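Colleague: I'm new to reading these models, and I'd love a close look at a single part of this one. Could you pick a helix and walk me through it, together with its surroundings?

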Amino acid sequence: MEPSHVSHTTSTAHSSNEPIIGVLLVHGLNGNLRDMEELERALQDRGMVTRNMLLPGHGVRVHEMLSTGWYQWADAVRDELYALKQRCDVVFIVGHSLGGSLALHTAAHEEVAGIVAMCAPIHMHPLTHYAVRIGKYLTPLVPTVREDVRDPEARHRYAREAYRWTPMRPVESMLQFLPTLRAELPNVTAPALIMTSIHDHVVPARDGREIYLRIGSKEKHLVTFHRSYHVIMKDYDREEVFAKTIAFILRHSSKAKPHQKKANQTA
């Protein structure tokens, strides 16, 4: 099992005329490095430098996540972004679920070449808020039935290595920050690809539509999937998710200005 807050970085050779493209991959709550592995390989095949990060509190015993929350996760994403900027000319952030919300938050405060937010929450279902508010007083953990994946073969292929339980207080930390995130969305001006799924049982598709409407990006795209559930990068639409992500990054990397490397941003 991976230790908390680590990342896997892979680089490939580049010609001197091409910008070095970096992609920071951020998984969701209760996720791990395997969640983004297949997408990471597809990006690497196109010559991109990838950093598949593990959020604080993940990859260890679930009880160790109880003391983590939004601010630790956001700080970790920012640190990983700084590290990747030291090695790359342009950097994109790709996040799923919680990772998508963290990508939006980071892009509202930091220079990025673009973001891909997959099934990112900015509201969640009203019942989720109620259940978490009540549940945290009854038990710190609730059972996780299974990942929200429609494809039965994918459910078997991507069987969870950890986390049969979901910690209540980290979920509450995320929910408490969402109003702030909604207010930040107009500050997101980088090109953005927003992905949502009609049959998502975790994050309502309307969250993705609202993100698309609220962000300040002049170049923004909304893609709605109709065959998958929440974990779209593992489900029936995964190949289209990969293709659209790669096309978006390649299109906007040629337009992006190289990041300025700062002395206080160390890898």
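Modeller: Sure, and let's start with a term: helices (H or I, at least four residues) and strands (E, at least two) are DSSP runs, numbered from the N terminus. Counted that way, the protein chain has eight helices and nine strands. Keep in mind that this is a predicted model, where local features need pLDDT of at least 70, side-chain atom pairs count only at pLDDT 80 or more, and totals for chains, interfaces and linings use all residues. Residues are numbered from 1 along each chain as its sequence is written, and side-chain values use heavy atoms, with hydrogens and water left out.

Let's zoom in on helix α8, which covers residues 238-253. The expected span of a helix is 1.5 Å times one less than its number of residues. For the 16 residues of α8 that gives 22 Å, and the C-alpha atoms at its ends are indeed 22 Å apart, so the two agree.

Now, which parts of α8 are tucked away? "Buried" means under 20% relative accessible area, "exposed" means over 50%, and "partly exposed" is in between (1.4 Å probe, protein chains only). The buried residues of α8 are Arg 238, Val 241, Phe 242, Thr 245, Ile 246, Phe 248, Ile 249, His 252 and Ser 253. If you look down the axis of α8, these buried residues fall within an arc of 160°, so they line one face of the helix. The arc here is that of the directions from the helix axis to the C-beta atoms.

Next, step past the end of the helix: Lys 255 sits in the segment after α8. With 53% relative accessibility, Lys 255 counts as exposed. Its side chain joins that of Glu 219 through a polar contact of 3.4 Å. A polar contact is a pair of N or O atoms within 3.5 Å; within protein, one must be able to donate a hydrogen and the other to accept it, and residues adjacent in sequence count only if both atoms are side-chain atoms. Lys 255 also has its C-alpha atom 9.9 Å from that of Val 90, although the two are 165 residues apart along the chain.

To put α8 in context, buried residues make up 55% of the 267 residues in the protein chain. A contact means heavy atoms within 4.5 Å. Of the contacts in the protein chain with a separation of 6 or more, 79% are between residues 24 or more positions apart.
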